[in-house]
Amino acid sequence: MRHFTFERAKSVDEAVKGGAQPEAAFLAGGTSLVDLMKLEVLTPLRIVDVSRLDLQKIEARTGGLVLGALATNTDVALHPEVRRRLPALAEALLSGASPQLRNAATVGGNLLQRTRCAYFRDLATLCNKRTPRSGCDALEGWTRMHAILGGSNQCIAAHPSDMCVALAAFDARVKVRGPQGEREIALTDFHLLPEQHPDREFALSPGELVISVFVPTTAAAARSRYVKVRDRASYAFALVSCAAGLELSGGTSGRIIREARVALGGVGTKPWRSIEAERALAGQPPTKDSFRKAAELLLAGAQPRRDNAFKVELAKRTMVRALTLAAEGA
Amino acid sequence: MRAELRGLGATLVVLTPEGGVQLRPDDPPERLRPAPKFWKTFAAGLPPALTLILLAPDGTVRLRRTSDDAVEPEAILLKVLRAAGKAVRTQAADAKHPAPARNALERARLAGSARGLGRRELLLTSLASAIALAVLDACATTPPISEAKPNSAIGPDLIDVNLEINGETRKLRLDPRTTLLDALRENLGLTGTKKGCDLGQCGACTVLVEGKRIDSCLALAAQHDGHKVTTIEGLADGPRLHPMQTAFLEEDAFQCGYCTPGQILSAIALLNEGRASTDDEIREGMSGNLCRCGAYPNILAAIRRVRS
Ligand SMILES: Cc1cc2nc3c(=O)[nH]c(=O)nc-3n(C[C@H](O)[C@H](O)[C@H](O)COP(=O)(O)OP(=O)(O)OC[C@H]3O[C@@H](n4cnc5c(N)ncnc54)[C@H](O)[C@@H]3O)c2cc1C
Ligand code: FES
Ligand code: FES
């Protein structure tokens with residue numbers, strides 16, 4: 001690990017000031033940052049510990065949930081209102097990492113965690129995300145874990161977060177504060193596509209600190225599920241995952257989808273919300289057939305590579321499964 | 001060599017008239033340009049002959065040896081390292097035990113640390129030969145540099161960190177990079193907490209912080225300043241083992257035992273969390289602790305036993 005100075009921010013203002021310094025990094029739980037600092041993939045000169053700031057609260061308001069940036073992944077997942085009003089988020093969080101890691105990991109840190117692309121993590125290989133314009137060894141490499149949607153000729157690293165998939169599906173908004181004041185960013189705009197600048201991953205400017213995340217809790221959110229498929233039963237990143245929510249109308253005999261919410265994980269270079277699939281589902285009966293059609297639509301543009309072609313069909317089936325569970329009710 | 005340097009908490013600096021090399025335990029070797037400032041501090045102001053310096057973490061010189069031309073550099077290196085080891089040992093013993101041991105517990109601790117230092121002595125010998133090679137190599141390959149630009153050889157500022165470990169407040173001065181795991185193992189000698197992957201992937205380093213289980217390898221010690229930490233050493237009440245420890249013994253819940261401290265702390269936390277009513281819940285709740293020996297069925301049985 002490279003040398004750095006360590007300071008603890010006593011207030012949000014102090015944190016923003018510290019974070020705006022060159023080569024500074026905020027430290028929350030440390031489970032992503034310290035990991036990558038050990039590998040010397042990240043080499044900040046200045047660590048601003050924000051973990052003691054008063055941003056742990058989880059608030060259930062009439063229109064939605066406010067998750068403090070420092071609420072732990074465990075606390076959010078087990079919060080009774082989160083489980084009742086947005087079960088997909090609780091399930092997504094509980095499917096991620098391990099109990100130990102979730103106790104340390106925070107909402108803000110999860111939003112800003114970096115990819116698990118093996119080439120990004122290995123200094124001996126080429127990676128445009130790590131070193132801009134140096135090349136990408138993943139493109140012709142071992143791509144089992146890589147993205148099939150949203151890649152570019154510079155980078156195909158998959159976005160690793162489960163939490164962000166659930167948040168993307170349900171219109172979450174991220175409140176940040178920086179040297180220029182406070183602003184809100186839609187979760188779907190928070191993560192950037194790699195395009196020609198895979199090193200730029202977030203719509204944040206230097207010094208901007210995540211304060212909280214707001215998720216509106218709609219009828220579709222209350223009837224939502226998260227399904228994750230991975231290489232072992234637990235404690236593994238997603239090969240494919242899906243957050244799905246449905247608002248249904250009509251009696252049990254002739255139910256119709258009023259509104260659908262779908263986002264996929266493990267397949268995109270960012271959490272992959274599909275408005276197109278959601279539109280295709282609206283007005284349809286909640287049947288396997290409509291689910292499958294929407295899944296075909298979502299994955300029509302997939303660009304699989306040598307080792308991850310299986311993800312196309314797996315993603316479709318995972319999506320059908322998540323929608324089926326949502327239709328059955330949580 | 002790095003592990004040994006880390007164990008000693010030292011930075012190694014080698015100066016030659018052409019420049020030198022500085023080696024901190026966790027960094028790549030750093031070339032030093034010829035630096036009169038250094039020569040003043042370490043070599044009476046003159047371009048030094050081969051000079052070896054061990055710096056204590058606070059930047060003070062722990063040891064300095066300069067070769068006179070008559071002696072083989074390798075021999076000097078070995079001598080230097082032996083002397084360093086001796087100095088370090090006396091210092092450590094003085095700091096830890098200012099007065100003779102008063103009771104059985106303290107005697108046991110003393111015996112424990114003596115064992116640890118014995119191993120350290122062994123490490124020093126291998127360090128000596130590794131350094132000898134590194135220095136000879138550096139002397140042969142360091143190109144002469146003309147511009148004389150001073151270069152700081154002093155490590156980062158140390159920071160004060162207080163941890164309440166198993167009910168006892170411990171005051172530490174640490175390199176900010178020290179993880180909670182390394183603070184426990186390297187600085188406090190509490191080696192019950194294990195280092196498996198050092199990347200959050202195995203759970204061997206599980207401890208309780210403020211009553212919650214975390215992987216201590218992915219936390220900086222500084223981040224937990226003032227926090228209560230429970231390690232495997234803090235579970236037994238005198239000779240009486242914690243019920244989870246007893247259950248692991250009775251159910252044969254380990255083979256090599258390397259993952260066991262982490263498993264036990266994780267299991268205790270799991271039962272406190274109250275989400276272990278079925279076998280599947282226990283398996284999921286323990287999924288953050290890997291066991292290469294595959295003692296999983298017996299670990300499950302041990303937890304079941306304590307739960308009921
Ligand atoms: C072995 C392992 C397995 C894992 N498995 C999964 C998994 O299956 N699914 C999954 O989703 N995740 C998984 N994770 C990732 C884990 O969820 C993240 O590491 C965690 O959420 C990061 O949170 P943190 O608080 O520890 O962040 P930190 O490590 O403290 O910070 C991460 C990044 O966020 C920045 N940051 C933190 N807080 C803020 C803030 N308030 N404002 C602005 N920037 C901030 C930091 O500067 C840093 O760049 C796994 C991690 C490990 C090590
Ligand atoms: S050593 Fe910490 S999780 Fe493996
Ligand atoms: S007992 Fe050997 S690793 Fe678990």
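**Exercise 1. A pair within one helix**

Find which helix holds both A:Arg84 and A:Glu81, and work out how their side chains meet.

*Solution.* Start with the helix: A:Arg84 and A:Glu81 both belong to H4 of chain A, residues 80–85. Helices here are DSSP runs of H or I with at least four residues, strands are runs of E with at least two, and both are numbered from the N terminus. Next, the spacing: the two residues sit three apart, about one turn of the helix. Then the side chains: they meet in a salt bridge, 2.9 Å from N to O. A salt bridge is a side-chain nitrogen of Lys or Arg within 4 Å of a carboxyl oxygen of Asp or Glu. Finally, the surroundings: A:Arg84 counts as exposed because its relative accessible area is 54%. The classes are buried for under 20% relative accessible area, exposed for over 50%, and partly exposed in between (1.4 Å probe, protein chains only).

A word on the material before going on. This is a predicted model, in which local features need pLDDT of at least 70 and side-chain atom pairs count only at pLDDT 80 or more, while totals for chains, interfaces and linings use all residues. Residues are numbered from 1 along each chain as its sequence is written, chains are lettered from A and ligands numbered from 1 in the order in which they are written, and side-chain values use heavy atoms, leaving out hydrogens and water.

**Exercise 2. More charged pairs in chain A**

Classify the partners in the salt bridges A:Glu59 to A:Arg61 and A:Asp307 to A:Arg306 as buried, partly exposed or exposed.

*Solution.* Recall the principle first: side chains of opposite charge can pair when their charged atoms come close. Take A:Glu59 and A:Arg61, whose side chains meet at 3.5 Å, N to O. A:Glu59 has 33% relative accessibility, so it is partly exposed. A:Arg61, with 43%, is partly exposed too. Now take A:Asp307 and A:Arg306, where the closest N and O atoms are 3.2 Å apart. A:Asp307 is partly exposed at 22%, whereas A:Arg306 is exposed at 62%. Salt bridges can also share partners, and in this way A:Asp171, A:Glu259, A:Arg261, A:Arg273 and A:Glu278 are joined into one network. To close the step, the whole structure holds 40 salt bridges over all chains.

**Exercise 3. Two strands, two settings**

Decide which faces are covered in S1(B) and in S6(A).

*Solution.* Begin with a reminder: in a regular strand the side chains alternate between the two faces of the sheet. In S1(B), residues 11–16, six of the six residues are buried, so the strand is largely enclosed by the rest of the structure. B:Thr11, B:Val13 and B:Leu15 cover one side, and B:Leu12, B:Val14 and B:Thr16 the other.

Look next at its neighbours. S1(B) pairs in the antiparallel sense with S4(B), residues 51–55, over five bridges, and B:Leu12 stands opposite B:Leu54 there. Two strands pair if DSSP finds at least two bridges between them. S1(B) also pairs in the antiparallel sense with S2(B), residues 19–23, over five bridges, with B:Leu12 opposite B:Leu23. A hairpin of two residues links S1(B) to S2(B).

Then turn to S6(A), residues 173–178: A:Val174, A:Val176 and A:Gly178 form its covered face, and A:Arg173, A:Lys175 and A:Arg177 its uncovered one. S6(A) runs antiparallel to S7(A), residues 181–186, over six bridges, and A:Arg177 has A:Glu182 as its bridge partner. Five bridges join S6(A) to the antiparallel S8(A), residues 209–216, where A:Phe214 stands opposite A:Arg173.

**Exercise 4. The interface of chain A and chain B**

Describe the contact between the chains by its residues, its buried area and its salt bridge.

*Solution.* Count residues first: chain A gives 34 and chain B gives 38 to the contact (heavy atoms within 4.5 Å). Then take the area: the chains bury about 2,800 Å² between them, 52% of it on carbon and sulfur atoms. Buried area is the accessible area (1.4 Å probe) that two parts lose on being put together, summed over both. In chain A, the residues that lose the most area to chain B are A:His3, A:Gln100 and A:Tyr235, together 24% of what that side buries. Last, the charged pairs: the count between the chains is one salt bridge, and A:Lys38 forms a salt bridge with B:Asp198 at 2.8 Å between the closest N and O atoms.

Terms used
Contact = heavy atoms within 4.5 Å.
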